[in-house]
Amino acid sequence: MQDRFPAQERFSDGAQYIAGRLTKGTSGAAHTVVDPATGEEVLTYELAGAGDVDAAVAAARAAFTGWSAATPGERSDALHRFAAVLADRAEDLARAESLQCGKPLKLTREFDVPGTIDNTSFFAGAARHLAGQSAGEYSGDHTSYVRREPIGVVGSIAPWNYPLQMAAWKILPAIAAGNTIVLKPAELTPLTSLLFAQAATEAGIPDGVVNIVTGTGRTAGEHLVGHPDVAMTSFTGSTAVGKRVAEVATATVKRLHLELGGKAPLLVFDDADLEAAANGAVAGALINTGQDCTAATRAYVQRPLYEAFVERTAALMETVRVGDPFAPGTDLGPLVSHLQRDRVAAFVDRARGYARVVTGGEAPQGELKNGAYYLPTLIAGAAQDSEVVQSEIFGPVLVVLPFDGDDEGIALANDTPYGLAASAWTRDVFRANRATREIKAGCVWINDHIPIISEMPHGGYKASGFGKDMSAYSFEEYTQVKHVMFDNTAVARKPWHRTVFGDS
Ligand code: NAD
């Protein structure tokens, strides 16, 4: 694995990043990162225990005084330097991300890494535009204004599907706003969060502003969420774990931001460009081997186009080249782990009892048999209330269902507990506009599915959580608003005092 990315050599000092340096975890337990493409060992490291979380939180707390007092311009300069260091490290970041996740190099080189650098540049600029929105004499006798202040130490928890981008989405708005942070990546995928934190230090961001603890959710994660010196929890992961995180965070009364699961619909009206919708469905369903919270998972196709859509989508899925993430020409890599592959396979196997697997539905054999691969899979004929339509599968599986009227299509699109993202495909501006209004999701695309951009917010409705990542909207999570009120009268006995004592 050393030629893919030399993880063992780069993290020989440990996989915790506390106060600007790598250290070993002290939980007494170890974890092995495995290359999902081959099943080979990438890195064995000591997991973080409660003591490591305490040390990271103490480092973040110590750094908060200086970092929160830095001027917006100073923080902005540091983030610009950070973006430059990341750009220098782009190939390293891409290879490490591909290795630990099984993502094809073209995805990490063209999406994960440039997206992260762009996010860093965005927050370098945004750091200088944090302003309270109100100043005026609202009472007549006072001047009121609003200060936006950082919250303190942020404790963040990230999933394994986009480890680098999730680290960026959590760390950048938090530190741009003057907070300091302790991030816990998923234990399966710590490499790029550590590289990201090292790049921050190299860019001159002070020690302790960015800390990484790599441990299990139950041990390091819950300790971080419940920590009394952590002022805010920002969590991205499954809805089930998010509920547990909310319970622990609520017990210590802290700010909470939850980015949870998704089950995005792709709604194809009968006037849509069928070829565009089928291509969009395949790309939207298979991006990151379907391990994307906004992936297209439920295609609803208006009856006149249904049969043609099923046929075209299956044919396109069969052209997707499944293979080693580091091999040129690979479109689709393995899932993140054999466990995740087996979970996905189990969903499809259960669906065989009530639906039809049009294509895929199996792991490839031959030279790919040791990896966590699964073929692009299209399922038709499932009922709306069935498991494959309602539950997050998180693999390269698209379910397709027909609908008749527009009302029915929109109702079906809204009919899961989730509300993270959706797309509608039509050439009719009124239908498109209706879909954007009536679909309950944090993002609605028209005639596309997946693109994200640093300037625009990402976040859920319903069981997909609340709060926003990316964009200036994320500052709503990572700042608190203070009302400051100045008396302008300079009189000792103010008119309102009579409500408490005396008559005038
Ligand atoms: P997960 O919920 O299993 O784990 C997420 C993180 O939580 C990991 O770091 C894990 O170690 C930690 N964790 C687990 N138990 C914990 C506990 N009791 N206390 C604190 N932390 C704990 O999710 P996953 O399997 O890593 O990732 C896939 C999920 O993430 C999917 O549901 C996907 O939709 C979701 N996701 C959502 C978004 C979004 O923006 N809404 C983005 C990416 C992924």
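**Helix packing and internal spaces: a short tour**

Hi everyone, let's start with a pair of helices: α3 and α7 are oblique to each other, therefore neither parallel nor perpendicular labels apply. Before I go on, please keep in mind that this is a predicted model.

So, the details of that pair. Helix α3 covers residues 72-88 and helix α7 covers residues 191-202; their axes are 8 Å apart and the packing angle is about 125°. The crossing of α3 and α7 is right-handed. On the α3 side the contact is made by Phe82, Val85 and Leu86, and on the α7 side by Phe196, Ala199, Ala200 and Glu202. Sorted by class, that contact has six nonpolar residues, no polar ones and one charged.

Now stay with α3 and look at its packing with α6. Here the angle is about 155° and the axes are 10 Å apart. Angles over 145 degrees count as roughly antiparallel, and α3 and α6 are therefore roughly antiparallel to each other. Arg75, Leu79 and Phe82 of α3 meet Leu172, Ile175 and Ala176 of α6. You may recognise Phe82, which is in the α7 contact and in the α6 contact too. The contact of α3 with α6 divides into five nonpolar residues, no polar and one charged.

The third pair is α10, residues 274-286, with α11, residues 303-317. Their axes come within 9 Å and cross at roughly 50°, which makes α10 oblique to α11. This crossing is right-handed. From α10, the contact takes in Leu274, Glu275, Ala277, Ala278, Asn279, Ala281, Val282 and Leu286. From α11 come Leu305, Ala308, Phe309, Arg312, Thr313, Leu316 and Met317. Eleven of these contact residues are nonpolar, two are polar and two are charged.

Let's move from helices to empty space. How many cavities of 30 Å³ or more does a search of the whole structure find? The search finds five. The largest cavity has a volume of about 110 Å³. If you would like to find it on the screen, its lining is Phe111, Tyr162, Gln165, Met166, Trp169, Asp292, Cys293, Thr294, Ile450, Ile452 and His458. Which helix gives the most to that lining? That is α6, residues 163-176, with three residues. By class, the lining of the largest cavity has seven nonpolar, three polar and one charged. So α6 turns up in the cavity lining as well as in the contact with α3.

Last stop, the largest pocket, with a volume of about 1,000 Å³. It is lined by 43 residues, and the closest to its centre are Pro159, Trp160, Gly237, Ser238 and Val241. Several elements each supply at least two residues of this lining: α6 again, then α8 (217-225), β10 (232-236), α9 (239-251) and α12 (338-351). The lining of the largest pocket splits into 23 nonpolar, eleven polar and nine charged residues.

If you take one thread away with you, let it be α6. This helix packs against α3, gives the most to the lining of the largest cavity and supplies at least two residues to the lining of the largest pocket. Thanks for listening, everyone!

Notes
Residues numbered from 1 in each chain as written. Predicted model: local features only at pLDDT ≥ 70, side-chain atom pairs only at ≥ 80, totals over all residues. Heavy atoms only, no water. Axes fitted to C-alpha atoms, helices over the stretch in contact; angles between N-to-C directions. Helix = DSSP H or I, 4+ residues; strand = E, 2+ residues; numbered from the N terminus. Parallel < 35°, antiparallel > 145°, perpendicular 65-115°, else oblique. Left-handed = near helix turned anticlockwise from the far one by under 90°. Contact = heavy atoms within 4.5 Å. Nonpolar A, V, L, I, M, F, W, Y, C, P; charged D, E, K, R; others polar. 1 Å grid on protein atoms, 1.4 Å probe; cavity = no way out; pocket = protein on both sides within 12 Å on 5 of 7 lines; lining within 4 Å. Points joined across faces, edges and corners; volume = space filled by probe spheres on them.
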